[in-house]
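Reader: I am new to this structure. Could you walk me through how to read the meeting of chains and the pairing of charges?

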Amino acid sequence: MRHRKWHGLWLAYLSAGFCVLVFTVLSTGILGLQQRILGLTNETREVLVPQFLEQIRAVRNLEMLAHYGGLAAKAEDSAVRQEAAFLAAFAAANPGNLSDEQTRQLASSAYQLIQSIAARERDPAEWAAMEKALSSRADQVAVSIGQVVTQRATNIRDDSLTVRNLAIALAVLFALSMGMMLVLGRFLMVRIKVKSELFNEASHDFRQRLHGLQLLINTAKRSRAARDGGNVLSSFEATTNDLQRYLENLLEIARLDAVAIRPLIRKVVLQEVFQRLELQFQDAASHHGVDIKFRHTRLWCMTDENMLLRILENLIANAMKFARSRVLVAARLRGDQVEVCVIDNGPGMPEFNRRSLYKAFVQGGGAAQQAGLGFGLGLSIVMRLAGLLSAPVNIGTKEGHGSMVRVRFDRPSDVPPG
Amino acid sequence: MKKKTWGLVLWAALFCFAHSAAHADEPSKPRTLKLLLLKDNPPLSHRDAGGKFVGFNVDLGRLLCDAIKMPCEFQETEHTKVIEMISKGEVDIGMISLIVTPERARQVLFTEPYRISKTFWISRVPMGQSAKARVAVVNGSIQHKWAERNSAQQGWTVVPVSVNPELIRSLRDGKADAVISPSSAALEIMKELSHSGFNARPIESQEFNNPVAIAVNPADKALCDQLNAALKQIKTNGQLDSINSKYFSFRVF
C-alpha cells in the first residue's frame, strides 16, 4: 500500500519534470526561430534590398546598352553613332553591372561591339545577337530578384508557421499541466482531509483515555491502599500531566500546520492581557520559586488576542522553566510597533543552538540537561503563531546571562487609542 | 550664522537648477554645414540664370543635409583649392565628386563611394595617334597629373584650364586638339561638340577607375559617419535614383 502511494508521488514528480523539460525545449526553440526570423528580416533590409536595387539598376543599364547598340547599328549619321557609343561607355561602367561577373562581361562585350559598329569596323547585323543576349540577361537578372524575394518570403513564412505551431504546442502543454496540477492538488487535498479526520479522531480518543487515566490516578491517591505508595502515584501523576501537556502542544502544532487559521485582528490593550497572564501564572511561579513581574503598561496593539495570549503563555512558561529567580514581562513602544519582551535570568543558550530553536523538539543547551522541563515545543508554537500574525520574533541570549525574547506587533497611528 | 549660510547655499542651488532648467527648454541651435561645390561644373554644380546653385551634386548635398537634419549653405571654388579648403576645415563637406586616391585620402576623409567616374579622351584623333597634340585638362585634377606624367612619352603639350567649360572652349577655339575629361564634363562637351567630328573614348587606366566619394573635413569623423548612414538611406529609399534620372539617362551609381 505504502509502495503504491510513493509510486503515485514519484509519477507526479516525473510528470512535472517532463513538463518543465518540454517547456524549456519548446521555449528555446521558439526563441531560436524568432531570432532567425529577426536575422532574416534584418538581412533583408540591410543586405538584400540594396542588392535588389543594384540589380534593378543593372537591368536598366543593360536595356540602355541595348538601346545605344540599336542606335549605333541603325544610324546613318556617324555623329549619332559616335554619341551612342560614347553614352554606351557610361551604361557599361555602372557599378550595378559589376555586381556579377557574367553581367559585367556581357556589358563590356556589348560596349566593345557598339564601339566597333559605330566606327563601322564590324557589320551592324552582328548587333541582333548581342541585343538578344542583353535582353535575355536583363530578364534573368530581373527574374532572379523575384526568386530571391520569393525564397526569402518562403523562409520567413515557414519559420513563422513553425513558431505558431510551437506556440500552440506550448499552450496545449500549459493547459495539460494546469489540468494535471488541479487533479493532483485535488487528490492531495482529499488525502490531507482524510489524514486530518483520522488525526482528529485519534487525538480525541487519546485525550479521552489520558483523562480516564488521570481520573484513575486521582481516585487511587485518595484510597487508603494508596497511602504507602503515595510517592509512586505522585510521580505517576506528574508524568501523566507532562504527557498531557506534550499532547496538547503537539496537537496545537499539528493544527497550526494542517488548518488554515485566519487571525482575528483587532485592538488589544496589553495591560488587560498582562493581568490575565499574571493571574494564570501566579501559582506556577510560586511552585517554581520564581518571582514573575508584569510591568504596568498603557500600550495597545493590533493583533489576534487569543494568539497573543498563546504566544506569551508559551514564552512565560519557557522562561519560568529556566529562570533562576526572576522573570519580567514588559511592553515598549518602538516607532509604529509595540515590542513585548519576556526576560529571564536563566542559564541562557549557547550560540550554536539559536537557529535550531525554531524547530519542534529542540531545547536550549541548559534545558536539555534538566529533566522534566518541557519538550521543546513552546518556541515552535510561538514561531508558528507569530508567523500567522506577521510579528517578528527576536531572541537575545547569552550563555550564563539569561534570555530575552522580543515580539513586535503593529500599532498603526490611524487607529484611535480610545 | 549657520542658518544664514545654509540659506545662501539653498538659494544658490535653486538658482542653478532654475538656470539649467531654463536653458534645457531652449532648443539648441542646429549647426549649419558648409558645402563646397566646384565652380562652373555642369551638370554637377553650376549657377542657373538666376544665380542659384543647381546640379546633381547640389541636389545630392541638399538630400544629405535633409537626411542628417542639418541646414546647409553652399560655397564654390576652383579645383586647385578644393583639397586645401577641406583639409583645413574651411568647409565641412566637399560635394565635388572627387575620385578617391590614396594621396587625397591622406588629406581628407572620404565617405563610402556613391558613384563611379570614367575619364574620357575627347578628340578628332584617337589617343594612339595624338603625338604633338595640345591636350587640355582642368588644373589640379587627377587628369592633369596623369597627362603631365604621360606627356613626355606621348609627345603632348599639356594645356591646364581652370574650370570644365574652358575645356569646351579650348577645343572649339582651337587652343587644344584634345581634352582629358571626367565623365560628367565629357557629357557636356559631347553634347556640344559631337557633331563637330569629336569622338570620346574612355581611358582604361586603373588610376581613373577609382570610385567617386564625398570629401569631409578630416577633423569631423562623426559627420563622415552621419553622411555614410544618410547615403545608405537615400540609396535605398529611391531619392538618389530620382536625382540620377533628373540629370542622366543611365544609372551612375
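Author: We will go through the contact between chains and then some salt bridges. This is a predicted model, in which local features need pLDDT of at least 70, side-chain atom pairs count only at pLDDT 80 or more, and totals for chains, interfaces and linings use all residues. Residues are numbered from 1 along each chain as its sequence is written, chains are lettered from A and ligands numbered from 1 in the order written, and side-chain values use heavy atoms, leaving out hydrogens and water.

Reader: What area is buried between chain A and chain B?

Author: The size of an interface is often given as the accessible area lost when the parts come together. Here about 2100 Å² is buried, and carbon and sulfur atoms give 62% of that (accessible area for a 1.4 Å probe, summed over both parts). On the chain A side, Arg57(A), Phe86(A) and Phe90(A) lose the most area to chain B, together 31% of what that side buries.

Reader: How many salt bridges are there between chain A and chain B?

Author: Side chains of opposite charge can pair when their charged atoms come close. The count between these chains is two (a side-chain nitrogen of Lys or Arg within 4 Å of a carboxyl oxygen of Asp or Glu). One salt bridge joins Glu46(A) and Lys232(B), at 2.8 Å from N to O.

Reader: Is Glu46(A) buried or exposed?

Author: Glu46(A) is partly exposed, because its relative accessibility is 36% (buried is under 20%, exposed over 50%, partly exposed in between, with a 1.4 Å probe and protein chains only). Lys232(B) is partly exposed too, at 44%.

Technical notes:
Buried area is the accessible area (1.4 Å probe) that two parts lose on being put together, summed over both.
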